[in-house]
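The following report is meant for someone meeting this structure for the first time. It takes up the domains, the contact between two of them, and then the strands.

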Amino acid sequence: MKKEITEFLYGGDYNPDQWPEDVWENDIALMKELNVNTVTLPVFSWANLQPAEDQFNFGWLDKVMDLLLANQINVIMATPTAAQPAWMSRKYPEMLPVDAQGRRHKHGARTNFCVNSPDYRRFSGQIAAKMAERYQSYPNLILWHISNEYGTYCYCDHCAQKFREWLQKRYGSIENLNHAWYTNFWGHTLYDWEDVVPPSHISSLIPNAFGNRDGATNQSVAVDYNRFMSDSFLSCMENEMAQIRKFTPDIPITTNLMGTFKPIDYFRLSEALDYVSWDNYPSIHDPASLIAFKHDLTRGLAKGKPFLLMEQTPNQQNWQPYNTLKRPGVMRLWSYQAVAHGANSVLFFQWRQSLGACEKYHAAMVPHAGHLNTRIGRELKELGDELATLDNGLLQATNRAKVAILFDWPNWWAAEYSSGPSKDINYVRIVHNYYRAFYKQNIPVDVVSAQADLVGYDIVVAPMLYMTSADLAARIKQFVTDGGVFVTTYFSGIANENDLVITGGYPGAFRDLLGIWVEETDALSPEMRNAVVAADGQNVLSGSYDCGIICDVIHTEGAKVLATFGQDFYAGQPAVTENQYGQGRAYYVATDSEEALLDELMGSICKLVQQEPVLAVPEGVEVTRRYADGAAFTFVLNHNATETTFSLPDGEHTDALRQAPISGDITLKGRDVLIFCTQIKG
Ligand code: GLA
Ligand code: ZN
């Protein structure tokens, strides 16, 4: 059994080794002022902890740990392995990664190591073990944090060798591999495992083939390399975890993820984690629905359990082209948005603003001014005080949803490596578009993996499920047979898990389920548009909607036509279809349409299966709910800059931030938050 985290975490990344010791007491005093109860350290301190191969220097960290313990501040202890010391890169240069252009990197960045390097694994395992041994008995050590934001791919000879071994395990024989990779094409037959070459810019990847996206001469190879790299990050992380567990088997372990981060299959990586955590850095123009989607994705990675918000900035960032300030109230609003979707922490990067290097103008809890008498300081104080009063019952409370949106990394890779139909294919964009249709109605959504159990959901949406295994297709069909509603789109069900086309007419995997045959697929250039026009004799869609990017030319084979295309040679042919299948229904949307179509279609589907909003509220107001034993916590987040009013449902509710009864009509200021608690049965 892992030790539970028993309080709501508030604090952030703490880098005391960037400061003289006499600042540390002041750090603690300011932490107390803000009600900070948790810090994450020492994320990038490997150089200071191991200044030479046979020399360790834990003295300073001992002092910091003692100071934090004496002041009852929790520690999320990070292994410092995201940046190896200079001596290590110098002495073991093969530890440095080789990039897609075939260049061996030099020392100087972070996450600048070959993920499969035996030397890196030996040293990272060693420092993890030393730290676990040394700090195992500190009662304020609540969580391990492995490395930091994994993500750098490597194409060195050692990785090539590891890739060959990985392929041997997956495919067994070179014949199977030749078949799975369709190597008869362009005479790419492999005679021996040695013939396998990692797909890079000097072999089979095509740099920026589609705008800023790489293409591939063989997508099957490219997708497998991404799978292999994901597994490499997993085993690299597990190498450190094994060392830590020798000393602290009961302390949970996490690593900080980044939401829709393309290089790593986070569903795969998360399998090994005790806690899933992530770093939330939206830009000022990101819609609230996109942030919500990433929180729900993170909760999906945690298999529905609460997760941690490991990092966000209290104010501006430094690495965006324009580092806008968080407007008053936005930091608090976005903090509660994380909690509303299942986070049990509000943690920041970073505690004290650095004086030098690239993050010196990134906001921190303590700014360069050195005190908290600032706009952000006051907002942080207010938030810290509020969080300290939150009911700990919330820690176990989980979100519940009857709608699942499928998100799959290998499918993302394959769809976007694809040479055709369009460079404007964008997986995250289309998944978010469907998510937003539910979000706007405040209908809760779970984001689930391709391996997830679909039983128990009323609606499963799989936007652009281009690549699907026979197993997934069978589970989706079973789900619909049993009464479920399934929604999918253009460029779905086309290829198997190796990116080989499923024969017999598109969308091969779902043709009978959807009751359609897609004969042709038209890719429109940006200035070409078409329209989706609601068909007569149906009551799902009512109008005409702008559409573009992709238009499928469809023949129905049993499906009912809900809408047709308005223009071009396929005018009048189906654009949106509905098919009865078993006890359920399957919908197909053959194009990329404006928001209104998805709002209406998802709205009708929700009515069909009696999915109701959590609460009726005006536009721009987000509502979610977390359920604990005997209580429900409802979060109302006003994303509008102006005030909003709505009515609470009948019954007794408590304002969870003010510990006072609350009822009737509520007025919420711009960017304000209400959390109310309601007693429930069961
Ligand atoms: C990431 C890192 C942090 C810091 C922040 C800055 O999330 O994990 O170390 O660099 O970005 O936004
Ligand atoms: Zn390598």
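Domain bounds, as used here, come from an automatic or database domain assignment. That assignment gives domain 1 (9-151 + 248-395), domain 2 (157-225), domain 3 (403-608) and domain 4 (621-679), and the centres of domain 1 and domain 3, taken over C-alpha atoms, are separated by 38 Å. This is a predicted model, in which local features need pLDDT of at least 70 and side-chain atom pairs count only at pLDDT 80 or more, while totals for chains, interfaces and linings use all residues. Residues are numbered from 1 along each chain as its sequence is written, chains are lettered from A and ligands numbered from 1 in the order in which they are written, and side-chain values use heavy atoms, with hydrogens and water left out.

Between domain 1 and domain 3, 22 residues of the former are in contact with 17 residues of the latter, contact meaning heavy atoms within 4.5 Å. The table lists three values for this pair of domains, each with its definition.

| Quantity, domain 1 and domain 3 | Value | Definition |
|---|---|---|
| Buried area | about 1600 Å² | accessible area (1.4 Å probe) that two parts lose on being put together, summed over both |
| Salt bridges | 2 salt bridges | side-chain nitrogen of Lys or Arg within 4 Å of a carboxyl oxygen of Asp or Glu |
| Polar contacts | 10 residue pairs (both at pLDDT 80 or more) | N or O atoms within 3.5 Å; within protein, one must be able to donate a hydrogen and the other to accept it, and residues adjacent in sequence count only if both atoms are side-chain atoms |

Helix 9 (266-270) and helix 10 (288-301) are the elements that give two or more residues to the side of domain 1 that touches domain 3, and helix 10 gives the most, with 10 residues; helices (H or I, at least four residues) and strands (E, at least two) are DSSP runs, numbered from the N terminus. Carbon and sulfur atoms give 69% of the buried area, and in domain 1 the residues Lys262, Phe267 and Phe293 lose the most area to domain 3, together 41% of what that side buries. A salt bridge links Asp446 with Arg299, whose closest N and O atoms are 2.9 Å apart.

Turning to the strands, two of them pair if DSSP finds at least two bridges between them. An open sheet of 6 strands follows the order 7-4-3-2-1-11 with parallel pairing, and its edge strands, strand 7 (253-254) and strand 11 (345-348), each pair on one side only. Within the parallel pairing, 3 bridges join strand 1 (residues 9-13) to strand 2 (residues 38-41), where Gly12 stands opposite Val39.
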